[in-house]
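Q: I would like to learn how to read a model of protein and DNA together. Could you take me through it step by step?

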2 protein chains.
Amino acid sequence: MEKKEEELVGVKEIARLAKVSIATVDRVLHNRTGVSVKTKEKIQQIIKELNYQPNIVARTLASRKKLRFAVIIPAVSLETAFWQAPLNGIVQAESAFRQYGIVVEKFLFDQNDRKSFIEQAKLLLRKEFDGVLLAPMFVEESIQFVGQCQLRLIPVVNINSDLPGQDGLAYIGPDLYQSGYLSAHLISYLVKPDESILLVNISRELDNDHHLMRKEEGFRAYWQKKKAVNEIIKTDIQQTDLPAIKKQLSKHLKNSSIRAVFVTNSRVAAVAKVLEELERTDLLLIGFDFLEDSIAYLKKGVIDFLICQKPQEQGYLGMKALYDKLVLHQEIQKNQFMPIDIITRENYVFYNN
Amino acid sequence: MEKKEEELVGVKEIARLAKVSIATVDRVLHNRTGVSVKTKEKIQQIIKELNYQPNIVARTLASRKKLRFAVIIPAVSLETAFWQAPLNGIVQAESAFRQYGIVVEKFLFDQNDRKSFIEQAKLLLRKEFDGVLLAPMFVEESIQFVGQCQLRLIPVVNINSDLPGQDGLAYIGPDLYQSGYLSAHLISYLVKPDESILLVNISRELDNDHHLMRKEEGFRAYWQKKKAVNEIIKTDIQQTDLPAIKKQLSKHLKNSSIRAVFVTNSRVAAVAKVLEELERTDLLLIGFDFLEDSIAYLKKGVIDFLICQKPQEQGYLGMKALYDKLVLHQEIQKNQFMPIDIITRENYVFYNN
DNA sequence: CCTATATTCGGGTACGTACACGAAAATTTA
DNA sequence: TAAATTTTCGTGTACGTACCCGAATATAGG
């Protein structure tokens, strides 16, 4: 017996019941000064009784103040187009929220160059913002940056990669550990006990390894839990150019027991290219992210699975979290883990990102 | 060299430039009568030049007219909780759009009883609505219903299952054929050439079979394309109670070549229960939808994969399509296929529905 | 050319909230 | 107790658009 049809009441009605003016109700709503304790309590009582919900439409129309959001994420690079997707989500949110008085400014850094991050962060802090969306690629620097924001009381939302210690307002992105765990599970279906698995980390900056290491942990945890006997061979490739990758891979691939290759990030396309050149497309290949290059190899059957975590949605939801917090004054969820999507040759067409 | 910072102009500015009043501009914007051709053209010209975007916030505040949406979908039944999810999405949209003057009324029918659908449809048509969200479970009746709506110029959005001939404004749901195709692909990884596959359709009403048949088509198409030699054994189960299912399944399971069981809808939980009772959990089991019962069997390892297509999002997006069309006057996409999500024991926790 | 009717247009108010400004009441100070 | 302050509160306008009502203008009819 819930009451469904709550009468839509406004400040006017509250004012009438409390025998005060609209302005006084408004003061209580925004708890500004200038209201005696007695009337304040009376009004709050009525607000609660009526279960008053402010009219957001009228509120945004009347409120002329602009909210300024800053976005600090890696620029799209030639090496990987990954950050295009979150950026798209951010732009989408931007145009959706423009009507509500949100202004967005973007600070893009080079994910291979921590100095460029420091620089952009400094630029950002020089201006005034009400909220920040951050992709914390460089752990140390990001923690410092978040500290600065907290001093200024600016809420920070992290996307794509969490920050050890979890400082910000919220994190929106993959559960990295589980991503690795799931990859192992998938592979377990496809390899026999005597076959081994090559785990490949490709990254220039060691700091990104927070990302990769969490995935690797999850990956190993699976085999451990299952008490599987498969050998896991690991290789770190710090030179991200193709010849270097080829050289290092072909060395390992001499080991004929290897049946599957697991690449811990979006560089799987490069590995696919190498495998193709080496005529080893018989191997199972699993990697991350929905990138054009990777999809091409998925189509050809060189890559078998891609694991993807809605990068565009990460961008959109990150912005929405700031909006919900700062405009609607809602409590927002601390961790918003993205679903773990498995992309195959058959379903990639329907993966909207 | 795009211009990014379009000055936010309003009707007032347009009126000033055209040397007319705001009301006249308003008439042109809504192409109401009472404006001479000459001034109308002049105003339209200016509107185009300024790339005027109406302020939705102010518009919804000023416009007192309520839009009425009707929803006609199956009720949640004891047999399957599937429709709870789309309903949740719809309720979510309802509360999100309430502020914008949207009123929703729901008409729930029994998906095992076509008469109840006809009845609810009749009730619906007796009232006045601006838009309809429909789950076309009964093909014939739904086509007729959509025809009635079109006569009344009411846009209809279909969810979860499309209508052959595609009458409505839009379809939001799975690409059924591809879902079947993908299932086949998944299974192909897991069976050897000499092993066969049991395809199980469980449904009381033949009409739902539009749904199931499309999936089956896709499923078969895969094997055909791959020229696989695996035998596919099909069984239709029209009595949906457990004993009946058990009887029919155990008959087939005597065939020892069967390695995998593919259930074409959410009834996979019932099959899982049967397999457990028959102590045949060694078989690979694949089915559809993220339901509590199914998840339990997924956890236990009885079910290996579930294919899921964001039922809650279907409900939400269906409502949003109506909103976009009727409030924002946007063109909306004719087909919005849901991604094909593959749920395993490892990632189900992160599937937010 | 004058009235009658149709056409074209502008003024003004409303939607629900935010906020500036100033008035009234309560309190302190002299 | 009057004046000076502080506290408390109400009036009024604005946000950008929708739409009612009536005024001005154009067209038709005699």
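**Reading the model, feature by feature**

A: Happily! Let's begin with charged pairs: over all chains, the structure holds 36 salt bridges. Keep in mind as we go that this is a predicted model.

Q: Which side chains meet in a salt bridge at 2.8 Å, N to O?

A: Glu276(A) and Lys300(A) form that salt bridge, with 2.8 Å from N to O. Next, look at where the partners sit: Glu276(A) belongs to helix 11 (residues 268-277) of chain A and Lys300(A) to helix 12 (residues 292-300) of chain A, so the pair ties together parts that are 24 residues apart in sequence.

Q: Now the two protein chains. What relation superposes chain B on chain A?

A: The general idea is that two copies of a chain are related by a rotation about an axis and a shift along it. Here, a rotation of 180° with 0.1 Å of shift along its axis places chain B on chain A, with an RMSD of 0.1 Å. That is the relation of a two-fold axis. The same surface serves both copies, as 100% of the contact residues of chain B recur in chain A.

Q: How many residues of chain B are in contact with chain A?

A: On the chain B side there are 34 residues, in contact with 34 residues of chain A. The area buried between chain B and chain A is about 3,300 Å², and carbon and sulfur atoms give 61% of that area. Three residues stand out: Val57(B), Glu346(B) and Phe350(B) supply 21% of the area that chain B buries against chain A, more than any other three residues.

Q: Which elements of chain B should I look for on that side?

A: Helix 4 (56-62), helix 8 (176-188) and strand 12 (341-343) of chain B each supply at least two residues of the side that touches chain A. Helix 4 of chain B gives the most, with five residues. By class, this side of chain B has 19 nonpolar, eight polar and seven charged residues.

Q: How many salt bridges and polar contacts are there between chain B and chain A?

A: The salt bridge count between chain B and chain A is zero. For polar contacts, the rule finds eight residue pairs across the interface of chain B and chain A, both residues being at pLDDT 80 or more.

Q: On to the DNA. Which residues are closest to DNA strand C?

A: Of the 26 residues that surround DNA strand C, the closest are Asp26(A), Tyr52(A), Arg59(A), Ser21(B) and Ser36(B). A helpful habit is to ask which part of the DNA the protein meets. Sugar or phosphate holds 64% of the atoms of DNA strand C within 4 Å of the protein, and the rest belong to bases.

Q: What atoms of DNA strand C pair with Val11(A), Thr39(B) and Arg27(B)?

A: For Val11(A), a polar backbone atom is 2.8 Å from a phosphate oxygen of DNA strand C. An N or O atom in the side chain of Thr39(B) is 2.9 Å from a phosphate oxygen of the strand. With Arg27(B), an N or O atom of the side chain is 2.8 Å from a base nitrogen of DNA strand C.

Q: And which residues are closest to DNA strand D?

A: DNA strand D is surrounded by 25 residues, and the closest are Ser21(A), Arg27(A), Asp26(B), Tyr52(B) and Arg59(B). Sugar and phosphate make up 65% of the atoms of DNA strand D that come within 4 Å of the protein. As an example, a phosphate oxygen of DNA strand D is 2.9 Å from an N or O atom in the side chain of Arg32(B). Base oxygens take part too: one is 3.4 Å from a polar backbone atom of Leu61(A), and a backbone N or O atom of Ala62(A) lies 3.3 Å from a base oxygen.

Terms used
Residues numbered from 1 in each chain as written. Chains lettered and ligands numbered in written order. Predicted model: local features only at pLDDT ≥ 70, side-chain atom pairs only at ≥ 80, totals over all residues. Heavy atoms only, no water. Contact = heavy atoms within 4.5 Å. Buried area = accessible area lost by both parts, 1.4 Å probe. Salt bridge = Lys/Arg side-chain N within 4 Å of Asp/Glu carboxyl O. Polar contact = N/O pair within 3.5 Å; in protein donor to acceptor, adjacent residues only side chain to side chain. Helix = DSSP H or I, 4+ residues; strand = E, 2+ residues; numbered from the N terminus. Nonpolar A, V, L, I, M, F, W, Y, C, P; charged D, E, K, R; others polar. Near = heavy atom within 4 Å. Least-squares fit on C-alpha atoms with pLDDT ≥ 70 in both.
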